Amino acid sequence: MKVDHITAAAAAANSEGEMCKTLEVAAVDCRGLSLSPPAVLSSPVVTGDEFAFIPPLNFSMVDNGIFRSGFPDSANFSFLQTVGLRSIICLCPEPYPEPNTEFLKVNGIRLFQFGIEGYKEPFVNIPEDTIREALKVVIDVRNHPVLIHCKRGKHRTGCVVGCLRKLQRWCLSSIFDEYQRFAAAKARVADQRFMELFDVSSLKHIPLTFSCSKRGVYKLACSTHATTNVVDRS
C-alpha cells in the first residue's frame with residue numbers, strides 16, 4: 001500500500017507496518033561528507049557565504065547507507081540534502097510536520113513511519129513486531145541511504161540500531177556501549193533488556209549486503225568499537 005503519510009491508527013491497522021510514498025529521487029552530491037558514529041554534530045559547517053549545513057541532533061553514520069539522528073527540523077534540511085537520502089524511518093507516532101513532509105516531496109524521499117510511544121520507565125513498552133518491521137526497511141538496500149530517527153535519537157532509535165547490531169553479530173557489550181554513548185545519563189535498563197532478548201532468527205535469511213563488515217571497511221568485533229569516516233557510495 002502506498003500512502004503519503006502514516007498515522008498511528010493506520011500503522012496499527014497495517015500488520016506489516018510498512019507504508020511509503022514513491023517519488024522521484026533527487027540526485028544529490030555527497031562528496032566531502034565525513035561521519036563517524038557516535039558523534040554528536042551540533043556546530044554548523046559553513047561553506048561559502050550563504051549556506052550553513054547543520055546536522056540533526058545526535059546525527060551519526062550507523063553503516064553504509066544507514067544513518068541515525070534526533071527529529072530533523074528545517075535548520076537541518078540543507079545538511080540532509082548532502083546525504084542524498086532515499087528514505088526516512090520515523091519512530092514517533094505524531095503526524096509528520098508539514099515542513100518535513102514538504103522537504104520529503106521536494107527531494108523524492110520516502111517516509112516509513114512506525115509509531116512507537118515515547119514511554120518513560122518503569123512504563124516502557126517496546127513493540128517487538130514494530131521494531132522487526134522497521135528493521136526490514138533498514139536492511140533493504142533499495143531504501144538506502146536511509147535515516148532512522150525518533151525525537152532525540154536516543155531510546156527508540158537506539159533500540160532499532162541495537163537490534164540491527166544483533167543481526168550483524170555484535171556482542172552485547174558492544175551493543176550496550178553504543179546505546180549508552182547516545183543515551184548517556186538517560187540510558188534505560190528496559191531498552192537494553194529488550195535488545196538482549198530480541199529474536200533476530202526471522203531476519204537472518206536476509207543478506208546484509210550493505211554492511212561494512214562485508215566490504216572490509218571495518219571489522220565488527222566485540223573487542224573494539226571500530227568506525228569509519230568514509231561514506232561508501234559505490
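This section describes the fold, the sheet, the nonpolar core and one buried loop residue of a single chain. The model is predicted.

The chain holds 8 helices and 7 strands. Of its 234 residues, 49% are buried. The accessible surface amounts to about 11,500 Å². Carbon and sulfur atoms account for 53% of that surface. Contacts within the chain often span long stretches of sequence. Among those between residues at least 6 apart, 67% link residues at least 24 apart.

Five of the strands are arranged in an open sheet. The strand order is β3-β4-β7-β5-β6, and the pairing is mixed. β3 (60–63) and β6 (110–113) form the edges. Each has a single partner strand, so one side of each lacks a neighbour in the sheet. From one strand to the next, the twist averages 25°. At the β6 edge, the partner is β5 (residues 87–90), and these two strands run parallel. They are joined by 4 bridges. In one of the bridges between these strands, Ile88 is paired with Leu111 of β6.

Helix α5 packs on the other part of this sheet order. α5 lies across β3, β4 (66–69) and β7 (146–149). Its direction is at about 150° to that of β4.

The largest nonpolar core contains 53 residues. Within this core, Ile89, Leu91 and Ile131 touch the most other members. Helix α5 (residues 155–167) supplies the largest share, with 6 residues. Ile131 illustrates how distant parts of the sequence meet. Beyond its neighbours within four places in sequence, Ile131 contacts Ile116, Ile126, Val160, Cys163, Phe194 and Phe198. Two of these partners, Val160 and Cys163, fall within the residue range of α5. Phe194 falls within the range of α7 (189–197).

A loop residue is also enclosed. Leu203 sits in the loop between α7 (189–197) and α8 (212–215). Its relative accessible area is 0%, so Leu203 counts as buried. Leaving aside neighbours within four places in sequence, the contacts of Leu203 are Arg132, Leu135, Lys136 and Leu167. Leu167 is the final residue in the range of α5. Leu135 lies 68 residues away from Leu203 along the chain. The C-alpha atoms of this pair are nevertheless separated by 8.6 Å.

Notes: Residues are numbered from 1 along each chain as its sequence is written. This is a predicted model: local features need pLDDT of at least 70, side-chain atom pairs count only at pLDDT 80 or more; totals for chains, interfaces and linings use all residues. Side-chain values use heavy atoms; hydrogens and water are left out. Buried means under 20% relative accessible area, exposed over 50%, partly exposed in between (1.4 Å probe, protein chains only). Contact means heavy atoms within 4.5 Å. Accessible areas come from the Shrake-Rupley method with a 1.4 Å probe; for residues, only the protein chains shown count as cover. A nonpolar core is a set of buried Ala, Val, Leu, Ile, Met, Phe, Trp, Tyr and Cys residues joined through side-chain atoms within 4.5 Å. Two strands pair if DSSP finds at least two bridges between them. Axes are lines fitted to C-alpha atoms, for helices over the stretch in contact, and angles run from 0 to 180 degrees between N-to-C directions.
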